[in-house]
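Please look through the sequence and the model shown below before reading on. The report takes up a few local features in turn, for a reader who has not met this structure before.

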Amino acid sequence: MALLVALAAGAPGCSGGHSALRTEGTGADRAAWLGWGMIAVASVITVGVLTAFVVGSLRDRPGVEDERRERRWVIGGGIVMPAVVLSVLSGLTVATLRAQDTSARRTRLRIEVTGYQYWWAVRYPSNGAVTANEIHVPVGTAVDVDLRSRDVIHSLWVPSLAGKTDLIPGQVNHMVLQARRAGRYRGQCAEFCGAQHANMAFVVVAEPPATFDRWRRAQARTAAEPRNAQAQEGRRILLAQPCAACHTIRGTSARGTVGPDLTHVASRQRIAAGTLANDTASLTRWVRNAQEVKPGALMPPIDLTPGEVRSIVAYLRELR
Ligand code: CUA
């Protein structure tokens, strides 16, 4: 009973935008079916074993003539049945993984995701769009995702859409993301990769094809010219500071590839791989000293006056 109560108490944590139980994608559906199937089979076996145990203990002590029957139980229930059950479940598991490969071949869109300590670079080779920590996909389309890593092993996991796949240095892995319904699905790095592994989140935005196309075209453009004087000053400071050595802002001299591409940073929902809201207060905190927010992240503190931070943030806010 205590176990059941404990399980029920934890159940609400499985709902919301980050749940392998509320599936909205083909890959997650298949994994959920397999999981529930295994739980059903395991339940039947557990009930069977407990029943046999209770019935056996209530019986009188077996006589000599029962030895043959005992052996049949041991061989049937201890060898034959587990062999059959485990073979069938392994077969279903392999079939589930194969199904993922087949849908990859029917794919219409290919994107590239690269894992970094502790964020995700997202590229659309179809038109050169680049973003970070935000994967947009058209609803209903099987999207083939190429997975790479720049440093250590990460794992891309969007529980509502598909199972986990590792991003391994020196190798390209693939996975398929297909969303049935428009919406935002939270994803998370699922392989311990360092101090800020837990803050390596992202969001998958599934949207109607026309909206997706508009977004992809916008993300492929070069950066907007800053309109007001403070933002212009911000751009001047940013390009003169070490910021430009790590970040790219397309259309400017900032061409670093260590940190996220900032060309359209203001269009994103969150910053610092899901850690902070994308607003002036959070950007200020982040630019002032990222280590205070994400200790161990690779963005070093830079010596800037409060006024310089304000100008840089004003510029970043205009990068729509
Ligand atoms: Cu990347 Cu954990």
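What follows is a short report on aromatic rings, a helix crossing and some backbone details in this predicted model.

## Aromatic rings

A pair of aromatic rings is described by the distance of the centres and the angle of the planes. A search of the whole structure finds five such aromatic pairs. One of them is formed by Tyr-124 and Trp-215, whose rings meet edge-to-face, with 5.3 Å from centre to centre and 70° between the planes. This pair links distant parts of the chain, since Tyr-124 belongs to strand E2 (residues 119-124) and Trp-215 to helix H4 (residues 209-220), and the two are 91 residues apart.

Both partners can also be described by their accessibility: Tyr-124 counts as buried because its relative accessibility is 0%, and Trp-215, with a relative accessible area of 12%, is buried as well. Together with Phe-212, the residues Tyr-124 and Trp-215 make up one aromatic cluster.

## A lysine over a ring

Another ring, that of Trp-157, has a charged neighbour, for Lys-164 lies over its face at 4.6 Å from the ring centre.

## The crossing of H7 and H9

Helix H7 (residues 280-288) and helix H9 (residues 306-318) have axes that come within 9 Å and cross at roughly 125°. Angles from 65 to 115 degrees would count as roughly perpendicular and those over 145 as roughly antiparallel, so H7 and H9 are oblique to each other. Their crossing is right-handed.

Which residues of H7 and H9 meet at this crossing? On the H7 side they are Thr-280, Leu-283, Thr-284, Val-287 and Arg-288, and these meet Val-309, Ile-312, Val-313, Leu-316 and Arg-317 in H9.

## Backbone details in two loops

Most residues other than glycine have a negative phi, and most peptide bonds are trans. Against this background, the peptide bond from Gln-117 to Tyr-118 is cis, with omega near 5°. Tyr-118 is found in the loop between strand E1 (109-116) and E2, and E2 is the strand that holds Tyr-124 of the aromatic pair described above.

The loop between strand E11 (270-271) and strand E12 (276-277) contains Ala-272, and Ala-273 has its place in the loop between E11 and E12 too. Phi of Ala-272 is positive, near 60°, in a residue other than glycine, while Ala-273, also not a glycine, has a positive phi of about 55°. Ala-272 is buried, with a relative accessible area of 13%, and Ala-273 likewise counts as buried, at 1% relative accessibility.

Key:
Residues are numbered from 1 along each chain as its sequence is written. This is a predicted model: local features need pLDDT of at least 70, side-chain atom pairs count only at pLDDT 80 or more; totals for chains, interfaces and linings use all residues. Side-chain values use heavy atoms; hydrogens and water are left out. Rings of Phe, Tyr and Trp (its six-membered ring) pair if their centres lie within 6.5 Å; planes under 30 degrees apart count as stacked, over 60 as edge-to-face and the rest as tilted. Helices (H or I, at least four residues) and strands (E, at least two) are DSSP runs, numbered from the N terminus. Buried means under 20% relative accessible area, exposed over 50%, partly exposed in between (1.4 Å probe, protein chains only). A charge sits over a ring if NZ of Lys or CZ of Arg is within 6 Å of the ring centre and within 35 degrees of the ring normal. Axes are lines fitted to C-alpha atoms, for helices over the stretch in contact, and angles run from 0 to 180 degrees between N-to-C directions. Angles under 35 degrees count as roughly parallel, over 145 as roughly antiparallel, 65 to 115 as roughly perpendicular and the rest as oblique. A crossing is left-handed if the near helix is turned anticlockwise from the far one by less than a right angle, and right-handed if clockwise. Contact means heavy atoms within 4.5 Å.
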